[in-house]
Amino acid sequence: MKYSTYLFDWDGCLANTLDVWLEGYKHALNHYKINNVSDEQIVLDFFGTGNSGAIKYSIDPEEFYTQLYPYIEERLKVVSLFDGAAEIINNLKSKGKKIALVSSSMRFVLEPALKHNSLLTLFDAIVAGDDVTKFKPNPEPLLKALEVLRTNKEDSVMIGDSDKDVLAAQGAGIDSILYFPDYNVKFYTDNHQRSLNPTYTIKGFQEILNIK
């Protein structure tokens, strides 16, 4: 295999958290009797947009997120994995590869979810949102993981589902694998994802083993 070190994103990559967020936004909007918005529109209005989504619907952002966060936080701690996610981690570990989790999620949410999915002890390093001063697409989290693992950039690759992961990898000077299963099409447009110019694009985790 080509790499000795694999850095994995969590949200939308190993873990199917995007659906949790989508249901959370629906729940919060329903509190304000706004229940006629399509999934596609919610993704456009709220995913990665900061406070502008709530403002669009004339909702006070601070009040909106008090409805959202309690709903999603407990669900994120028991989130399900994408097909093949656990298998690829175990497979790479069995081959002696170094594995790190690099996520913008906070550690108090990540660790229960990892424990729930029997992954907590498998990572050689975990860089969470509260371990860094800048989130992806800034390369700081990736560089921190490489430093902890004491590995070379040319032997490392970042696997993630979004532009933040690919751009962070490019900024850190390492290769990238864009995880873009058919399921994620409702969250990302095909043209946008492919315009990111990742080193590789995969639809399933098993394809990682074929990258030589």
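**Close-up 1. Met158 of strand β4 stands opposite Ser176 in β5.** This is a predicted model, in which local features need pLDDT of at least 70, side-chain atom pairs count only at pLDDT 80 or more, and totals for chains, interfaces and linings use all residues. Residues are numbered from 1 along each chain as its sequence is written, and side-chain values use heavy atoms, with hydrogens and water left out. Strand β4 covers residues 156-160 and runs parallel to β5, with four bridges joining the two. Strands (E, at least two residues) and helices (H or I, at least four) are DSSP runs, numbered from the N terminus. Two strands pair if DSSP finds at least two bridges between them.

**Close-up 2. A right-handed β-α-β unit is made by β4, helix α8 and β5.** Helix α8 spans residues 163-172. Right-handed means that, with the strands pointing away from the viewer, the path from the first strand over the helix to the second runs clockwise.

**Close-up 3. Strand β5 also runs parallel to β6.** Three bridges join β5 to β6 (residues 200-202). Tyr179 stands opposite Ile202 in β6. Four of the five residues of β5 (residues 175-179) are buried (under 20% relative accessible area, 1.4 Å probe, protein chains only). The strand is therefore largely enclosed by the rest of the structure.

**Close-up 4. Helix α1 covers residues 17-31.** Its end C-alpha atoms are 21 Å apart, which agrees with the 21 Å expected for 15 residues at 1.5 Å a residue. The expected span is 1.5 Å times one less than the number of residues. Buried residues of α1 include Leu18, Leu22 and Tyr25. Their cover includes α2 (39-46) and α4 (61-76). Just after α1, Lys33 takes a positive phi of about 60 degrees.

Note on methods: Buried < 20%, exposed > 50% of the residue type's maximum accessible area, 1.4 Å probe, protein only. Contact = heavy atoms within 4.5 Å.
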